[in-house]
Amino acid sequence: MKYQQAIITGASSGFGAAFARRLAFDCGRLVLIARRGEILKNLASELQEAHPGIEVLVEKCDLASVDDRRKLIAKLKSLPVSGKTLLINNAGLGDYGELASATVERNASMVQVNVQALVELSHAFAPLLKAQGGGIINIASLAADLPIPDFAIYAASKAFVASFSEALRLEMTACGVPVLAVCPGPVHTGFGDVARRQGCSDGSAPFKKWFYTEIATVVEGALKALRGGKARYYPSLKIRLAGLLVRNLPLPVLRFIMGMRPRKVTATHPES
Ligand SMILES: NC(=O)c1ccc[n+]([C@@H]2O[C@H](COP(=O)([O-])OP(=O)(O)OC[C@H]3O[C@@H](n4cnc5c(N)ncnc54)[C@H](OP(=O)(O)O)[C@@H]3O)[C@@H](O)[C@H]2O)c1
């Protein structure tokens, strides 16, 4: 068994559920965190049936809520642990459209879930990881390297995740604890449906299709990169090359290219 426990945020869908299914082979305990408790319970039953002996805990939590996060962290810290912990800060959301017509609530959720929850969980577990070993996987994005119009807060939140992970990795390396930022390009998950505003067209969609990566590639590659002590993981050759290119372009050139990008037809989010 590689880890005594794996704690996965955003385990009800996409990458999070895929990490849970993969890590069920390597962990004594899985802690699945998201708002949709019923989906988590079904996933827990599926995993317990397929892997007798594994402990699967379901934590229904809105990571955008300060109160929920405080209760979650207290609960997680009270769990008995004698071995390695893998923390996967995966939960996240986006919002396709310009800032001027965004909602205050959606903007706040992106910062709270993509940034604040990730920082609080990393902070809560850093001492345990230093003492007992394990690792942290933070799900950033290829967007971490790009200022993206009509995706401004999301891209900036992922730039934070990548930078934070790089610095935390240097702090934790001395104790042998790997910290990895995963930077996928587009992948078919629930992400697009959550991010898409009503009446919003995705002008970049045909171009984006060329970059799609399989979920399994991201999950397997991330776990391998963590084991290899890598700082960042860009899944697939196309995404690695795209990341390399944008990180090495002069800023005026990058601004010009991003300015030429097809704009989303803007509409307010259905929540408004
Ligand atoms: N798919 C892509 O193209 C892509 C590319 C690069 C990076 N990413 C990143 O990958 C990560 C996972 O996203 P995904 O692609 O797997 O999308 P997804 O299928 O929509 O999954 C997002 C997960 O985050 C959880 N979540 C969202 N808001 C939450 C909240 N307030 N409290 C608790 N959990 C919350 C969702 O659970 P509930 O709704 O049940 O709460 C869900 O489990 C995100 O950080 C995303 O930014 C995705």
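Q: Hi! What share of the contacts with a separation of 6 or more comes from residues 24 or more positions apart?
A: In this predicted model, 75% of those contacts join residues 24 or more positions apart.

Q: Nice. And what overall dimensions does the C-alpha trace have?
A: Along the principal axes, the C-alpha trace spans about 55 × 40 × 30 Å.

Q: How does the radius of gyration sit against a compact globule?
A: The two agree: the chain has 18 Å, and a compact globule of 272 residues would have a value near 19 Å.

Q: What percentage of the chain is buried?
A: Buried residues are 42% of the 272.

Q: How many helices and strands are there?
A: The chain has ten helices and seven strands.

Q: Switching to the ligand, how many residues surround it, and which are the closest?
A: There are 29 around the ligand, and the closest are Gly 10, Gly 14, Arg 35, Gly 92 and Gly 190.

Q: Which helices supply at least two residues of that shell?
A: That would be α1 (14-23), α4 (104-132) and α6 (191-195). The largest share comes from α1, with three residues.

Q: How does the shell divide into nonpolar, polar and charged?
A: It has 15 nonpolar residues, eleven polar ones and three charged ones.

Q: Let's talk about α4, then. How far does α4 reach from first C-alpha to last?
A: With 29 residues, α4 reaches 40 Å, which is close to the 42 Å expected at 1.5 Å a residue.

Q: Where does α4 bend, and by how much?
A: The bend is about 40° and falls at Phe 125, with a proline, Pro 127, following within four residues.

Q: Which of its residues are buried?
A: Phe 125, the bend residue, is one of the buried set. The others in α4 are Arg 106, Ser 109, Met 110, Gln 112, Val 113, Asn 114, Ala 117, Leu 118, Leu 121 and Leu 129.

Q: Those numbers often step by three or four. Why do residues three or four places apart point the same way in an α-helix?
A: Because an α-helix has 3.6 residues a turn.

Q: What covers the buried residues of α4?
A: The cover includes three strands, β1 (3-9), β4 (85-89) and β5 (134-139), along with the helices α3 (66-77) and α5 (152-173).

Q: What happens just after α4?
A: Gly 133 comes there, with a positive phi of about 85°.

Q: Which residues other than glycine have a positive phi?
A: Two to look at are Asp 150, with phi near 70°, and Ser 236, at about 75°. For context, most residues other than glycine have a negative phi.

Q: Where do Asp 150 and Ser 236 sit?
A: Both are in loops: Asp 150 lies between β5 and α5, and Ser 236 lies between β7 (232-233) and α9 (237-248).

Q: Is Asp 150 buried or exposed? And what about Ser 236, buried or partly exposed?
A: Asp 150 counts as buried because it has 23 C-beta neighbours inside 10 Å. Ser 236 has 18 other C-beta atoms within 10 Å, so it is partly exposed.

Q: Now β4. What does Leu 86 touch?
A: Leu 86 is in strand β4, and beyond four places in sequence it touches Tyr 3, Ala 6, Gly 134 and Gly 135. Leu 86 is also buried, because it has 26 C-beta neighbours inside 10 Å.

Q: What separates the C-alpha atoms of Leu 86 and Val 177?
A: They are separated by 9.9 Å, while along the chain the two residues are 91 apart.

Q: And Val 182, which strand is it in?
A: Val 182 is in β6, residues 179-182. It counts as buried because 29 C-beta neighbours fall inside 10 Å.

Q: Which residues does Val 182 touch?
A: Leaving out residues up to four places away, Val 182 touches Ile 137, Ile 139, Ala 140, Val 218, Ala 222 and Tyr 233.

Q: Last one: where is Gly 185, and what is it in contact with?
A: Gly 185 is in the loop between β6 and α6. Beyond its neighbours within four places, its contacts are Leu 142, Phe 211, Thr 213, Ile 239 and Ala 242. With 21 other C-beta atoms within 10 Å, Gly 185 is therefore buried. Its C-alpha atom is 9.8 Å from that of Val 218, 33 residues apart along the chain.

Methods
Residues are numbered from 1 along each chain as its sequence is written. This is a predicted model: local features need pLDDT of at least 70, side-chain atom pairs count only at pLDDT 80 or more; totals for chains, interfaces and linings use all residues. A residue is near a molecule or strand if its C-beta atom, placed from the backbone, lies within 6 Å of it. Ala, Val, Leu, Ile, Met, Phe, Trp, Tyr, Cys and Pro count as nonpolar, Asp, Glu, Lys and Arg as charged, and the others, Gly among them, as polar. The expected span of a helix is 1.5 Å times one less than its number of residues. The bend at a residue is the angle between axes fitted to the seven residues ending there and the seven starting there. A residue is buried if 20 or more other C-beta atoms lie within 10 Å of its own, exposed if 12 or fewer, and partly exposed in between; C-beta atoms are placed from the backbone. Two residues are in contact if their C-beta atoms, placed from the backbone, lie within 7 Å. The radius of gyration is taken over C-alpha atoms; the globule rule is 2.2 Å times the number of residues to the power 0.38.
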